[in-house]
Amino acid sequence: MPLSSGAYTGTGQYFVRFRVGTPARPFLLVADTGSDLTWVKCHRHDHDAPAPGYGYAAPASNDSSTSSLSAAAASSSSHARVFRPDRSRTWAPIPCSSDTCTASLPFSLAACPTPGSPCAYDYRYKDGSAARGTVGTDSATIALSGRGAKKKQRQAKLRGVVLGCTTSYTGDSFLASDGVLSLGYSNISFASRAAARFGGRFSYCLVDHLAPRNATSYLTFGPNPAVSSSPPSKTACAGGGSPAAAPPGPGGARQTPLLLDHRMRPFYAVTVNGISVDGELLRIPRLVWDVAKGGGAILDSGTSLTVLVSPAYRAVVAALNKKLAGLPRVTMDPFDYCYNWTSPSTGEDLTVAMPELAVHFAGSARLQPPAKSYVIDAAPGVKCIGLQEGEWPGVSVIGNILQQEHLWEFDLKNRRLRFKRSRCTQ
């Protein structure tokens, strides 16, 4: 599935093209490894609508996160691309009285006017945004790698995909997209459903977050030859207590255990052993990275800036700031450390030796992002340390900017995370 940066819309999200329904219709969805509900902006007939009172009254039940954006209300009825369940031959509403609604969907609402009424949801995100509507199942159409007869693109249908029909939402991050593609670890997420059919794994490569909209990479289901050592067990779908880590994979790919911890669902957790700047390991308490002690770290493609809990954040920004001490400081929200990068004599960007940041995962796997992923361009002539401080105790989040220009493979079957540097567009 084609994947591109949403920077052109003013959001910090990555968008994936998703085709759903019969006949299949295309939608542009936020690729979110922190979500377990796939939903699209939707228009329903009145008799399918939930009873009055559904919506804001539900408690926040989901811990998924999107980028930190101000909330704004909008109605899907004004959006050009909306899903119409009555026009899809494969749409099947889930009744509110069903076990699926009451037991399998943690975000469903308790209200059930009649046994046959549709299962309603109020899906909340950590940044305050939300999506409300009813849930059903439908078919997703996906492209397969390779070509068929007469060089035609081969396709397959995934039937029974859990799909939210969202009729109202809040959050700026949803204004430019048609919904969210759930890539989280959950028995109802699209990622788990598709990975189960295609080799138990999926991968994505995030282009530079400031790349133009035509710079496209892919979200792929099935073993990715660039990072996987095992042969594909099924045709890869593309279109656009933990085991010990094994040696690096093909082409210099690193790997570390993927922690599919029930306490962290639907997020993918990893074990961080430490963070270094210019090769010097920083003094960060180990319990910061320990899930059992209220810490831990997750990867989240739906969060833009990396969030480090206070003890880690303070150590990292102090070390980076020390290396950039020769630059004049400027103030720019929401960042704590910003610098004037413009030469007063020439007006050009200064040539500054960038400190090298590395995140050390279990199994000797190191993430060494390009400097632009943590000292980011915030305005003309201004760069900022692109990290945010999170509350402690709490979980640190490796956001999509720190993940950019890397290929990431989530091997759910073998519980491994593999990654390697890549420009993503080649």
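This is a short dialogue on how to read a predicted protein model.

Biologist: Where should I start, and what is the mean pLDDT of the protein?

Modeller: Start with confidence. This is a predicted model. The mean pLDDT is 86, and 85% of the residues reach 70 or more.

Biologist: Over which residues does pLDDT stay under 50?

Modeller: Low values call for care. Where pLDDT is low, the predicted coordinates should not be read in detail. Here pLDDT stays under 50 over residues 46-79. The model still gives that stretch 89 contacts beyond four places in sequence. Residues 231-248 also have pLDDT below 50. That stretch has 56 contacts beyond near neighbours in sequence. Leave the details of such contacts aside.

Biologist: Now strands. How many bridges join β2 to β3, and in which sense do they run?

Modeller: Read a strand pair by its bridges and its direction. Strand β2 (residues 14-20) and β3 run antiparallel, joined by 6 bridges. One bridge puts Arg-17 opposite its partner Leu-28 in β3. The two strands form a hairpin with 4 residues between them. In the turn, Gly-21 has a positive phi of about 95°.

Biologist: In which sense does β3 pair with β10?

Modeller: In the parallel sense. β3 and strand β10 (residues 179-182) share 4 bridges. Val-30 has Val-180 in β10 as its bridge partner.

Biologist: How many residues of β3 are buried?

Modeller: In a regular strand the side chains alternate between the two faces of the sheet. Check burial as well as pairing. Strand β3 (residues 25-32) is mostly covered, with 6 of its 8 residues buried.

Biologist: Take one residue of β2. Is Phe-15 buried or exposed?

Modeller: Compare the relative accessible area with the cut-off. Buried means under 20%. Phe-15 lies in strand β2. Its relative accessible area is 1%, so Phe-15 is buried.

Biologist: Which residues does Phe-15 touch?

Modeller: Skip the close sequence neighbours, then look. Not counting residues up to four places away, Phe-15 touches several others, including Pro-2, Leu-3, Tyr-8, Leu-28, Val-30 and Ser-177. Ser-177 is 162 residues from Phe-15 along the chain, yet their C-alpha atoms are separated by 7.4 Å.

Biologist: Does the same reading work in a helix? Where is the place of Leu-320?

Modeller: Use the same steps. Leu-320 sits in helix α3 (residues 310-323). At 0% relative accessibility, Leu-320 counts as buried. Beyond four places in sequence, Leu-320 is in contact with Val-277, Pro-355, Tyr-374, Ile-385 and Leu-387. Tyr-374 is 54 residues from Leu-320 along the chain, with 9.6 Å between their C-alpha atoms.

Biologist: And helix α2: which residues are buried?

Modeller: In α2 (residues 190-197) they are Phe-190, Ala-191, Ser-192, Ala-194 and Ala-195. Look past the end of the helix too. Just after α2, Gly-199 takes a positive phi of about 75°.

Biologist: What is the order of the strands in the open sheet?

Modeller: Read across the strands, from edge to edge. The order is β16-β15-β21-β22, 4 strands with antiparallel pairing. β16 (280-281) and β22 (365-367) each have a single partner strand, so one side of each is left without a neighbour in the sheet. Further in, 5 bridges join β15 to β21. In one of them, Gly-274 has His-360 in β21 as its partner.

Biologist: How many bridges join β23 to β24?

Modeller: 4 bridges join β23 (residues 375-379) and β24 (residues 382-385), which run antiparallel. Ala-379 has Val-382 as its bridge partner in β24. This hairpin has 2 residues between the strands, and Gly-381 takes a positive phi near 80°.

Biologist: Last, cavities. What volume does the largest cavity have?

Modeller: Read the volume, then the lining. The volume is about 110 Å³. Its lining has 13 residues, with Ile-275, Thr-306, Leu-308, Val-359 and Leu-402 nearest the centre. β15 (272-277), β18 (306-309), β21 (357-361) and β26 (396-398) each give two or more residues to this lining. By class, the lining has 11 nonpolar, 2 polar and no charged residues.

Biologist: Which residues line the second largest cavity?

Modeller: Leu-3, Ala-31, Leu-183, Tyr-204, Leu-206, Leu-219 and Ser-301. The volume of this second largest cavity is about 40 Å³. Its lining has 6 nonpolar, 1 polar and no charged residues.

Technical notes: Residues are numbered from 1 along each chain as its sequence is written. Side-chain values use heavy atoms; hydrogens and water are left out. On a 1 Å grid over the protein atoms alone, a cavity is a set of points where a 1.4 Å probe fits but cannot get out, and a pocket is an open set with protein on both sides within 12 Å along at least five of seven lines; lining residues have an atom within 4 Å of a point. Grid points are joined across faces, edges and corners, and a volume is the space filled by probe spheres set on the points. Ala, Val, Leu, Ile, Met, Phe, Trp, Tyr, Cys and Pro count as nonpolar, Asp, Glu, Lys and Arg as charged, and the others, Gly among them, as polar. Buried means under 20% relative accessible area, exposed over 50%, partly exposed in between (1.4 Å probe, protein chains only). pLDDT is the predictor's confidence in each residue, from 0 to 100. Contact means heavy atoms within 4.5 Å. Two strands pair if DSSP finds at least two bridges between them.
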